[in-house]
Amino acid sequence: MSDTDEHDHSADEHSRRSVLKAGAVGAVAVAASGGITTVAAGAGTALPSPASTADVTLRVNGVERHVTVESRVTLLDALRERVGLTGTKKGCDRGECGACTVLIDGQRVKSCMTLAVMEDGREITTIEGLARGDELHPVQEAFIRRDAFQCGFCTSGQIMSAVACIREGHAGSDTEVREWMSGNLCRCGCYPNIVDAVRDAAKGQVK
Ligand code: FES
Ligand code: FES
């Protein structure tokens, strides 16, 4: 290696260190100016931010449930762990499988993708809220009649989604049902029976 090469190498190292250092200082400055993260001056150690909690009223299946939750708690976790309604299932926990589908003000929502604090005061319907006493909802009956579940893990989400799908007027054909139920996955591959069940229930004009 020539002297020139060595000089160039050391100059490169120097400038790289300078860039990294400048970047680190900038990152701390940005965090501080945003007031998001606390960084101990000189120590370079991020301290955990204090957990913020909120009092929330969840109107679930017609009953008001008052819970105190951290602002980061999903509606799914609040329903299962705070309210004690475990019929809504946690599959992927990232919006991909639909197992956690509930109705909010009549619209289907993946409850793992919304925060409990965002649903304060809104009407939430879970699978536990469909039956009227001993009388099953027509979609529940249709799922049983058509044997539209095996392990059943996806089933509550499928049923909630089907109720909304029919109400939306999106159950006019098998193709339409498949398209509008495509956000709900079933590992057991019960799709043909699920489609049959949704079509049966749709013919009965589910309310
Ligand atoms: S658990 Fe919510 S979409 Fe899978
Ligand atoms: S019945 Fe098992 S995942 Fe759908």
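Two exercises on a predicted model follow, each with a worked solution.

Residues are numbered from 1 along each chain as its sequence is written, and chains are lettered from A and ligands numbered from 1 in the order in which they are written. In this predicted model local features need pLDDT of at least 70, side-chain atom pairs count only at pLDDT 80 or more, totals for chains, interfaces and linings use all residues, and side-chain values use heavy atoms, with hydrogens and water left out.

**Exercise 1.** Find which strands pair with S3, and which residues stand opposite arginine 59.

Solution. Strands are DSSP runs of E with at least two residues, numbered from the N terminus. Two strands pair if DSSP finds at least two bridges between them.
- Step 1: S3 (residues 53–60) pairs with S4 (residues 63–70) in the antiparallel sense, over eight bridges.
- Step 2: S3 also pairs with S7 (residues 123–125), here in the parallel sense and over two bridges.
- Step 3: Arginine 59 stands opposite glutamate 64 in S4 and opposite glutamate 123 in S7.
- Step 4: The open sheet has five strands in the order S4-S3-S7-S5-S6, with mixed pairing. Its edge strands are S4 and S6, each pairing on one side only.

**Exercise 2.** Decide whether threonine 114 is buried or exposed, and name its side-chain polar partner.

Solution.
- Step 1: Threonine 114 lies in the loop between S6 (107–110) and S7.
- Step 2: Its relative accessibility is 7%, so threonine 114 counts as buried. Buried means under 20% relative accessible area, exposed over 50%, partly exposed in between (1.4 Å probe, protein chains only).
- Step 3: The side chains of threonine 114 and glutamate 119 are joined by a polar contact of 2.5 Å. A polar contact is a pair of N or O atoms within 3.5 Å; within protein, one must be able to donate a hydrogen and the other to accept it, and residues adjacent in sequence count only if both atoms are side-chain atoms.

Terms used: Helix = DSSP H or I, 4+ residues; strand = E, 2+ residues; numbered from the N terminus.
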